[in-house]
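Student: I would like a close look at one part of this structure, with enough of the surroundings to see where it sits. Please choose the part and take me through it in one go.

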Amino acid sequence: MKIIIQSLILFNLLQVAYGESLEIKFFQDTVRPILKEKCYNCHSHESGKSKGGLVLDSISSILKGGTSGPAVVPFKPKKSLLIQSIKRIDEDTAMPPKTSLTLKEIEVFQKWIQEGATGPKSELLNENSLELKAKELWSFKPIRKFDQSNKINITEAIDRFIDVKLKDQGLKPVKRASPDKLIRRVYLDLTGILPSPETVESFVINPSKNKYEEIVENLLNSPQFGERWGRHWLDTARFAESNGGDNRHLFQQAWKYRNWVFDAYNTDMPYNNFLTQQIAGDLLPFENKKQKARQITATGFLTVGSKPLAAKRKEEQEKSLEMLLDPIDAVSIGTMGLTVGCAKCHDHKFDPISIDDYYAMAGIFKSTRLWFGPPWGNLKSFLQVGGFEAFNHLYDPNLYTLDQSRLTQAKNIQKQYWRLLKVQQKDTRSLRRLKKKISKPKKKLSSKEIQQIKLEIPKAEKLAQVSQQKLDIFLKKHQQFSVEQIMAATEGDPQNVSLRYGGEFKKNGPIVPRGYLSHLTFNGSNISIDKDESGRLALAKWITHVNNPLTPRVAVNRIWSQLFGQGIVETVDNFGFAGTPPSHPELLDFLAYQFIHKLNWSSKKLIQKIVLSNAYTRTAVHSSNESQISKDPLNVYLWRMVPRRLEVEIIRDNILATAGFLDLERPKRSIVENFKQNMFGTINDDLLKKSSELFYHNIRSVYLPLLRGKHYNMYDLFDYPEDEAVNSLRSSSTFATQGIFLLNNKLLSNSAELFAKRLNNKPSLKSDEDKIKYAYLVAYSRPPKSIELREDLQFLENMKNSNAWALFCQSLIISSEFLYRF
Amino acid sequence: MNTYNRRDFLTLSSATLGMLSVSNMTGAMKHQARSHFAPKAKRVIFLNMQGGPAAFETFVHKKLSTTISGKQHGESGTWVCKHFPYLSKWVDKLCFLNGMHSDSPVHSNAQIQLHCGLATPSRPSMGSWISYGLGSENIDLPGYIHLGASNFVGGSRLSSSAFLPSEFTGIPINSQLKLEDFGNAKTNFQSQRKLLDLVQKRNKRANGQVPQNNHLHGVIESYEMAYRMQGSLPNLLNTEKESKQIKDQYGLNNSQTSKFGKLCLAARKLSESGVRFVEVNHRNWDHHNSIQKGIPKSCGETDKPIAALLKDLEQRGLLDETIVLWGGEFGRLPGDKSGHNPKGYTMWMAGAGLKKGFSYGETDERGIEAVDGKVHVHDLHATILHLLGIDHERLTYSFAGRDWRLTDVKGNLIKPILS
């Protein structure tokens with residue numbers, strides 16, 4: 001509905017804007033509707049068709065015409081091909097092909113041409129001019145300016161913005177969350193791990209603001225912070241360790257990018273730098289090799305997406321163009337919340353993004369080489385397939401250094417290998433040829449000739465055997481030689497691509513110079529792209545420019561959404577017309593402005609400022625308040641906190657944590673590396689088996705192998721995001737098979753048994769009551785209420801069997817208080 | 001029961017004049033049907049012949065291409081190959097689509113298209129769309145069940161709800177009809193009920209602390225549903241207790257037909273119990289170079305069970321309100337290699353709202369390309385939704401900044417096949 005209203009407004013504006021000249025009005029009201037109805041099916045950008053090279057949706061293209069020449073000669077109807085066609089003078093060129101225009105319609109065209117064939121100049125003749133849209137779209141407008149002096153306390157300001165709106169709405173905020181709930185909340189939000197009973201108890205004794213600030217500070221500096229917030233970014237980055245779709249290509253080095261993301265959050269890399277490295281890290285200056293290697297690793301962002309690799313039948317050129325959709329979407333949605341990919345076939349249906357913009361960005365990535373890992377699993381196929389330039393990025397993961405000597409060594413090995421392979425191929429070929437001469441002779445052979453060939457065969461066999469042996473020995477000798485690679489982007493041949501009407505490879509349009517979104521302009525947006533560069537670095541500069549209105553808004557809104565469960569802009573990945581406008585526009589701009597100017601793009605600091613606010617610390621547990629609820633059922637104005645289901649990784653981690661079984665160490669590498677590539681068909685069974693084993697081990701969930709389209713059952717059940725596209729905010733659904741999993745899966749029953757053992761083995765816990773109390777502290781960060789204690793004792797009494805305690809522990813970790821963050 | 005975004009919520013509450021009580025609200029969401037006009041059918045059974053059956057070796061005689069003998073059957077005179085002795089008796093009740101075509105000659109892409117309309121990005125399967133569109137008919141069961149699911153081609157994407165709420169995901173059940181995590185060895189049902197009672201007390205208390213939270217309320221409901229489903233589904237999938245006559249009818253006593261027969265019988269039981277979309281997979285139709293051996297084998301495994309399913313549905317009065325759909329992701333080319341052919345192939349439908357003993361469309365004389373009565377997969381989807389009372393252009397879901405449809409921006413209703 002909103003969309004419809006918006007486009008109506010636009011339409012009205014357009015009428016006014018173009019309503020100045022009578023001729024244009026005549027064109028808009030009378031001529032264009034006929035063109036649209038009768039001609040655009042075959043001759044417009046919208047349809048993606050340009051039969052006879054002719055498009056009729058802008059004045060310039062009408063005047064330019066198609067392969068037969070200009071369609072219209074202004075003031076000269078008789079000389080205009082368009083009139084000749086619609087009058088059906090020649091049967092071959094009669095248009096439209098099936099139904100004739102009425103005499104009245106033909107007269108309209110004649111009159112229009114007679115009077116000079118005038119119409120709006122610059123734009124396609126759609127209702128929704130892109131320029132107007134760009135002026136209308138809130139997110140394209142510059143960010144408001146705010147006081148950035150030392151007087152400003154960001155946390156207090158946040159509350160002021162929220163309180164003003166609450167007052168406007170007549171809403172009263174609820175009280176602060178109880179200390180136990182608050183500490184649990186902030187632990188889960190900042191690290192994903194539950195606080196220990198001891199931590200909770202000490203905070204409950206002294207829940208001062210200072211103590212809370214100290215806890216926040218410590219959590220922000222724990223290594224788990226990077227894993228927690230890095231994982232949010234991995235959702236945005238559509239991260240996975242295999243290609244997915246029809247092609248089961250493994251991304252064996254994706255884990256390096258994953259670790260880079262975690263490290264970037266832990267070191268609080270400024271967000272502008274964080275984005276720049278991911279788009280153009282290979283092009284940045286560096287002080288040492290270690291830094292260089294890290295920066296290249298960051299470009300894994302461009303390559304970890306799902307690509308149409310299986311479209312085998314398509315030509316390479318066509319395929320290579322289709323491969324660009326993924327990085328374009330990742331970059332444009334990921335950083336700016338704009339769905340540029342929607343403009344692949346036609347101008348964006350809602351937003352000020354033209355098809356030219358898409359192909360301008362496509363040029364940037366067409367000029368880039370995307371290394372997503374070789375399609376080989378062993379040295380032999382590696383050497384055979386090539387992809388040799390990936391060697392340029394050999395590096396030692398422990399040292400993060402590029403290893404030049406290994407590169408040279410690898411090049412030598414490959415040279416030798418090719419030499420041996422060529423000999424072996426030649427020998428095998430000649431043997432085959434000889435055998436074929438007898439088995440499938442082209443001409444009749446005399447017995448003498450046959451005799452001759454039969455004599456030659458053993459010799460050839462021997463030769464083939466020897467060269468094969470040499471090859472085998474060589475491979476065996478070098479088997480241990482492994483090459484360290486990364487998924488990364490590097491510069492390719494700088495080039496522009498031509499626009500494709502309707503997104504179809506064969507429907508070539510004009511060549512579009514590399515660039516960004518032409519309708520998103522700001523002070524300083526004129527960043528040129530050198531002809532010798534892909535333009536990635538320029539793109540990164542443009543995206544992270546202090547005056548780019550989208551990037552910081554999208555960034556702070558994502559942070560906000562993770563802390564409150566909803567963004568100030570609800571559609572965190574869509575800041576276009578199809579998204580929702582901000583509920584607190586000034587607050588959003590304030591945060592964006594201070595994020596850049598005062599916090600120097602520090603995500604950590606911004607998170608800190610927000611979690612210290614009153615808004616964040618409000619309770620989720622409160623008495624019923626009918627009038628407030630009916631006024632703001634979805635808590636848009638943040639008068640309370642709404643409980644939300646934890647992400648699947650966090651649920652699994654904490655199930656293991658209650659069992660005392662969770663390992664917080666980062667594993668050295670990913671097991672995905674150790675498995676053979678299966679280009680087609682199913683993913684290697686051993687890999688699947690191994691990863692599902694790992695699922696029941698104590699590894700933190702963020703380090704489990706992630707195969708695209710092959711998620712763990714629990715991940716599928718608990719809303720792990722679709723990893724084929726940017727998906728920055730998890731949804732949370734509730735359905736029966738989750739219950740079945742929680743009641744029966746061995747992750748739960750085994751963990752519950754360990755949890756029960758933990759209780760039984762703790763000497764300080766003497767009575768059943770002690771144990772129950774401690775279990776509540778572990779699982780819920782609070783002691784049980786007396787009614788709960790009674791119920792639980794009753795339960796243990798009723799069960800009276802050996803696994804009563806395990807069942808009790810299971811009941812704790814499958815109840816909503818455990819699964820939800822309050 | 002699931003997350004509805006702000007916009008949905010507002011629509012819902014405005015449509016019901018203000019706030020509903022929590023239980024009413026979740027109830028309304030659960031059973032809300034999104035149909036647009038009176039339906040002809042209530043449910044679908046999709047017999048997915050994975051691999052791509054050759055049209056001219058099964059149901060269409062092509063002088064230049066058919067190599068397996070057969071003859072005309074019934075009043076409609078439909079040609080059927082000799083390896084479908086049971087099914088051939090049903091031709092006067094079937095509606096053949098002989099001008100099918102789709103876009104991809106690659107198994108997985110074509111299977112994904114057959115299920116989801118298009119391959120990218122991940123889209124919901126038609127079963128998910130249908131259970132989303134029709135709502136639940138039986139609160140003890142999910143709306144979409146996928147029998148004999150394998151990760152052979154397309155994998156879990158075939159039954160994925162993608163961006164639709166995950167309660168509409170097809171529940172995959174393998175060809176042994178074995179359920180994962182339904183019950184466990186450590187806890188018997190009584191103990192589990194006690195465990196669940198304890199959990200539900202906690203859940204209710206948590207829900208009571210937070211006014212108007214349909215998520216927390218949903219947890220309570222979903223646990224009860226889980227417990228009920230744990231009771232209902234295994235029984236429905238158990239074919240052991242059926243009468244001898246039914247077992248014989250489905251061919252359970254015969255090693256050739258028993259595997260697929262069990263799936264067909266389970267499909268009928270699930271359908272009858274209110275599952276909106278049941279898919280039954282048979283994955284052995286990829287007959288490269290071996291059509292002479294492959295056709296008798298694949299037909300032999302499926303012929304009797306499918307005929308039994310039709311008969312069973314008819315005898316129970318269910319056929320008139322069910323759509324049975326048979327076919328694969330594409331057809332095959334004539335010749336020794338019998339390659340993949342998405343340009344012209346055959347599927348058939350039977351049941352509610354469809355013409356009987358009717359053939360629509362045809363391919364050229366060699367069976368290579370559909371030339372008349374062409375039906376694209378999108379058109380098939382549009383027509384199935386229509387029979388279920390849904391306008392395919394109006395069944396939409398908002399995701400990632402746009403409204404999505406099963407038929408994308410395509411799909412035409414195939415009027416000539418409607419009764």
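Tutor: Let's start with a word we will need throughout: a residue is called buried when its relative accessible area is under 20%, exposed when it is over 50%, and partly exposed in between. Please keep in mind that this is a predicted model. The part I have picked is chain B, and we will then follow it across to chain A.

Of the 419 residues of chain B, 62% count as buried. The chain is built from 10 helices and 17 strands. If you take the contacts in chain B between residues at least 6 apart in sequence, 77% of them join residues at least 24 apart. Its accessible surface comes to about 15500 Å², and carbon and sulfur atoms account for 50% of that.

Helix H3 of chain B, residues 107–116, makes a good stop for a closer view of burial. Nine of its 10 residues are buried, so this helix is largely enclosed by the rest of the structure. Among the buried residues of H3(B) are B:His107, B:Ser108, B:Gln111, B:Gln113 and B:His115, and also B:Ala110, B:Ile112, B:Leu114 and B:Cys116. Just past the end of H3(B) comes B:Gly117, which takes a positive phi of about 90°.

For contrast, go to the loop between helix H10 (377–387) and strand S16 (397–399) of chain B, where you will find B:Glu393. Why does B:Glu393 count as partly exposed? Its relative accessibility is 48%, and because that value falls between the two cut-offs, B:Glu393 is put in the middle class. B:Arg394 also counts as partly exposed, at 49% relative accessibility. The side chain of B:Arg394 meets that of B:Asp391 in a salt bridge, at 3.2 Å from N to O. To get a feeling for distance, compare B:Glu393 with B:Lys304: they are 89 residues apart along the chain, and their C-alpha atoms are separated by 37 Å.

Chain B also holds a salt-bridge network, and it links B:Glu242, B:Arg268, B:Lys269, B:Glu272, B:Asp312 and B:Arg316. Over all chains, the salt-bridge count comes to 51.

Now to the side of chain A that chain B touches. Here 75 residues of chain A are in contact with 60 residues of chain B. About 5700 Å² is buried between the two chains, and carbon and sulfur atoms give 55% of this area. On the chain A side, A:Thr734, A:Leu743 and A:Asn744 supply 11% of the area that chain A buries against chain B, more than any other three residues.

What polar links cross this interface? There are 16 residue pairs in polar contact. Several helices of chain A bring at least two residues each to the side that touches chain B, including H29 (736–744), H30 (746–761) and H31 (768–780). H29(A) provides the largest share, eight residues. Sorted by class, that side of chain A has 28 nonpolar, 32 polar and 15 charged residues. Four salt bridges are found across the interface. One pairing of the two chains by a salt bridge is A:Glu753 with B:Lys186, where the side chains meet at 3.2 Å, N to O.

Chain A has some buried salt bridges of its own to set beside these. A:Asp189 and A:Arg821 meet at 2.6 Å, N to O. A:Asp189 lies in helix H8 of chain A and A:Arg821 in strand S10, so to speak two distant parts of the chain joined, 632 residues apart. A:Asp189 is buried because its relative accessible area is 3%, and A:Arg821 is buried with a value of 1%. A:Glu227 forms a salt bridge with A:Arg700, the closest N and O atoms being 2.8 Å apart. That pair is 473 residues apart along the chain, and A:Glu227 and A:Arg700 are buried as well.

Last, a buried residue without charge: A:Asn557, in helix H22 (residues 550–564) of chain A. A:Asn557 has a relative accessible area of 0%, and therefore counts as buried. Its side chain reaches the backbone nitrogen of A:Val569 at 2.8 Å. Not counting residues up to four places away in sequence, A:Asn557 touches A:Gly567, A:Ile568, A:Val569, A:Val572, A:Phe575 and A:Leu588.

How values were computed:
Residues are numbered from 1 along each chain as its sequence is written. Chains are lettered from A and ligands numbered from 1 in the order in which they are written. This is a predicted model: local features need pLDDT of at least 70, side-chain atom pairs count only at pLDDT 80 or more; totals for chains, interfaces and linings use all residues. Side-chain values use heavy atoms; hydrogens and water are left out. Contact means heavy atoms within 4.5 Å. Buried area is the accessible area (1.4 Å probe) that two parts lose on being put together, summed over both. A polar contact is a pair of N or O atoms within 3.5 Å; within protein, one must be able to donate a hydrogen and the other to accept it, and residues adjacent in sequence count only if both atoms are side-chain atoms. Helices (H or I, at least four residues) and strands (E, at least two) are DSSP runs, numbered from the N terminus. Ala, Val, Leu, Ile, Met, Phe, Trp, Tyr, Cys and Pro count as nonpolar, Asp, Glu, Lys and Arg as charged, and the others, Gly among them, as polar. Buried means under 20% relative accessible area, exposed over 50%, partly exposed in between (1.4 Å probe, protein chains only). Accessible areas come from the Shrake-Rupley method with a 1.4 Å probe; for residues, only the protein chains shown count as cover.
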